[in-house]
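Colleague: I have a model open on my screen and would like to learn how to read it, feature by feature. Could you walk me through it?

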Amino acid sequence: MGRRVLLIAGFLLIAANLRTALTSVGPVLETLRRDLGLTAGEAGFIGTLPLLTFAAVSPQIPRLARRFGVDQLLWAAMIVLATGILARSLPVPWLLWVGTVLLGAAIATGNVLLPSMIKRDFPDHIGAVTGVYSAVMGIAAAVAAGFAVPLAGVLPGGWRTSLGLWAGFALVALAVWSPQLRRHVRPEPTATRPGALWRSALAWEVSAFQALSACCFYTMLAWFPSIAQSTGASEEYAGWLLFAYQLVGVVMSIVLPPLLTRLPDQRGIAVGGGILAFAGYLGLMVAPGPVLLWALVTGIGAGTMFFLALTFFSLRAADPTSSASLSGMGQSIGYLFAAVGPVAIGALHDVTGGWRAPLAVLVVLAAVHTVVGLRAGRDAHVQV
């Protein structure tokens with residue numbers, strides 16, 4: 001019983017570390033930029049670099065997990081994460097970029113392996129465990145973002161200490177996870193058809209679903225406050241609207257798991273989430289006045305789709321090895337798309353001088369997302 005408790009505690013602590021190093025940057029980014037003398041483009045690249053690292057590293061993780069073991073690789077990832085966070089916070093300019101790549105690689109490892117671990121250790125509770133995992137990530141991310149500026153204001157070292165202290169949180173996860181290194185888990189057989197996943201229509205459908213989920217989520221994370229301010233909202237109110245958008249996403253990850261056990265597949269949930277996201281983007285485009293309403297509608301839709309994207313890596317895989325491979329493929333494609341999305345939407349705003357055209361693109365993406373969900377949500381499995 002005690003070993004099971006440590007397993008769950010370690011799992012949740014690792015999950016909690018997969019967003020804090022990213023969301024703690026945005027609130028202090030302008031101060032960081034002025035302190036280091038970065039251009040606006042260089043400062044923006046701080047947010048894009050981890051996503052590009054996710055895309056590059058994710059396909060390599062399943063092979064490393066088969067060689068060294070899932071538990072061992074997650075433990076090593078927490079060491080790399082703490083190292084990257086500390087390096088990024090040191091007063092050596094080039095370490096900002098090295099640290100960002102390191103923490104991106106560590107987070108990519110957790111992103112890929114946790115769905116595989118859920119498939120292995122909680123096969124009868126995939127929806128519920130994924131919901132808790134998603135909720136913990138969201139809550140920790142919100143806390144890191146909310147406390148970034150206050151901590152920078154009261155701690156010696158300012159923004160550097162505010163960002164660097166999250167290395168301690170990674171070390172706590174490392175300590176709690178350490179007993180898992182003594183577990184004797186029978187290794188999964190090495191994949192005998194390495195190209196099978198990339199030839200699977202279902203794997204591409206799950207990957208496309210993840211790509212659209214990540215693109216829309218990170219685009220709204222980057223630009224929703226600006227969209228809200230264009231409707232007349234204050235900077236402070238726009239920040240609270242973004243908080244509400246993220247909060248309802250966390251709520252959906254708690255509400256949805258019981259539904260998964262009652263339905264034969266996830267197509268209905270995917271269509272419902274897609275329609276809500278579509279309605280929210282359309283509302284912001286044609287009738288932006290009740291911006292809080294659209295923040296909640298869009299947040300519920302996007303939160304539903306993001307939860308499903310995480311769940312599909314376990315539900316659509318026949319075994320833990322296939323889950324890790326599917327997660328690696330889906331997250332590589334997904335985060336590459338996510339890295340492009342906010343930049344492209346911002347560029348379109350600059351060209352058109354407003355938010356109607358960018359929101360129209362999001363409306364189209366939500367429609368495509370709904371159709372892809374009909375395919376990715378059917379009861380089928382990938383095996384490598």
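Modeller: Gladly! Let us begin with Glu-205, which counts as buried because its relative accessibility is 13%, under the 20% cut-off. Keep in mind as we go that this is a predicted model.

Colleague: Which residues form salt bridges with Glu-205?

Modeller: For a salt bridge, look at the closest N and O atoms of the two side chains. Glu-205 pairs with Arg-378, where those atoms are 2.6 Å apart. The pair ties together parts that are 173 residues apart in sequence, because Glu-205 lies in helix H10 and Arg-378 in the segment after H16. Arg-375 also forms a salt bridge with Glu-205, with a closest N and O distance of 3.1 Å. Here the link runs from helix H16 (residues 356-376), home of Arg-375, to helix H10 (residues 201-230), home of Glu-205, so parts 170 residues apart in sequence are tied together.

Colleague: Are those two arginines buried, partly exposed or exposed?

Modeller: Arg-375 has 42% relative accessibility and so counts as partly exposed. Arg-378, at 21%, counts as partly exposed as well.

Colleague: How many salt bridges does the structure hold?

Modeller: There are five. Another one to look at joins Arg-120 and Asp-121, with the closest N and O atoms 2.9 Å apart. Asp-121 is buried, its relative accessible area being 13%. Salt bridges can also share residues, and Asp-71, Arg-120 and Asp-121 are linked in such a network.

Colleague: What about a charged residue such as Arg-88: is it buried or exposed, and what is its nearest side chain of opposite charge?

Modeller: For a case like this, check the burial, then the charges, then the polar atoms. Arg-88, in helix H5 (residues 70-89), is buried and has no salt bridge. Its nearest side chain of opposite charge is that of Asp-35, 13 Å away. A polar atom of the Arg-88 side chain does lie 2.9 Å from the backbone oxygen of Ala-21. Setting aside residues up to four places away in sequence, Arg-88 touches Ala-21, Ser-24, Val-25, Leu-95, Leu-96, Gly-99, Thr-100, Leu-103, Trp-159 and Leu-163.

Colleague: Where else does a side chain approach a backbone oxygen?

Modeller: Try Ser-207 in helix H10. A polar atom of its side chain lies 2.8 Å from the backbone oxygen of Ala-203. Ser-207 counts as buried, because its relative accessibility is 0%. Beyond four places in sequence, Ser-207 touches Met-329, Gly-330 and Ile-333.

Colleague: Next, the nonpolar core. Which residues touch the most other members of the largest one?

Modeller: To read a core, look for the members with many contacts inside it. The largest nonpolar core has 102 residues, and Leu-81, Leu-114, Tyr-133 and Phe-209 touch the most other members. Apart from it lies another core, of nine residues, including Val-25, Val-28, Ala-148 and Trp-159. Returning to Leu-81, its contacts are Asn-17, Ala-21, Leu-103, Ala-106, Ile-107 and Ala-170, if residues up to four places away in sequence are not counted.

Colleague: And how many aromatic pairs does the structure hold?

Modeller: It holds 13. To classify one, take the distance between ring centres and the angle between planes. Trp-198 and Trp-204 form an edge-to-face pair, because their ring centres are 5.7 Å apart and their planes stand at 75°, over the 60-degree cut-off. Trp-198 is partly exposed at 40% relative accessibility, and Trp-204 is partly exposed with a relative accessible area of 40%.

Colleague: Which residues do ring pairs link into a cluster?

Modeller: Phe-54, Phe-217, Tyr-218, Phe-306 and Tyr-335. Let us follow Tyr-335, which is found in helix H15 (residues 320-352). Its relative accessibility is 2%, so Tyr-335 counts as buried. Apart from neighbours within four places in sequence, Tyr-335 is in contact with Arg-19, Leu-51, Phe-54, Ala-55, Asn-111, Gln-210, Ala-214, Tyr-218 and Phe-306.

Colleague: How far apart are the C-alpha atoms of Tyr-335 and Val-384?

Modeller: They are separated by 22 Å, with the two positions 49 residues apart along the chain.

Terms used: Residues are numbered from 1 along each chain as its sequence is written. This is a predicted model: local features need pLDDT of at least 70, side-chain atom pairs count only at pLDDT 80 or more; totals for chains, interfaces and linings use all residues. Side-chain values use heavy atoms; hydrogens and water are left out. A nonpolar core is a set of buried Ala, Val, Leu, Ile, Met, Phe, Trp, Tyr and Cys residues joined through side-chain atoms within 4.5 Å. Buried means under 20% relative accessible area, exposed over 50%, partly exposed in between (1.4 Å probe, protein chains only). Contact means heavy atoms within 4.5 Å. Helices (H or I, at least four residues) and strands (E, at least two) are DSSP runs, numbered from the N terminus. Lys and Arg count as positive and Asp and Glu as negative; His and the chain ends are not counted. A salt bridge is a side-chain nitrogen of Lys or Arg within 4 Å of a carboxyl oxygen of Asp or Glu. A polar contact is a pair of N or O atoms within 3.5 Å; within protein, one must be able to donate a hydrogen and the other to accept it, and residues adjacent in sequence count only if both atoms are side-chain atoms. Rings of Phe, Tyr and Trp (its six-membered ring) pair if their centres lie within 6.5 Å; planes under 30 degrees apart count as stacked, over 60 as edge-to-face and the rest as tilted.
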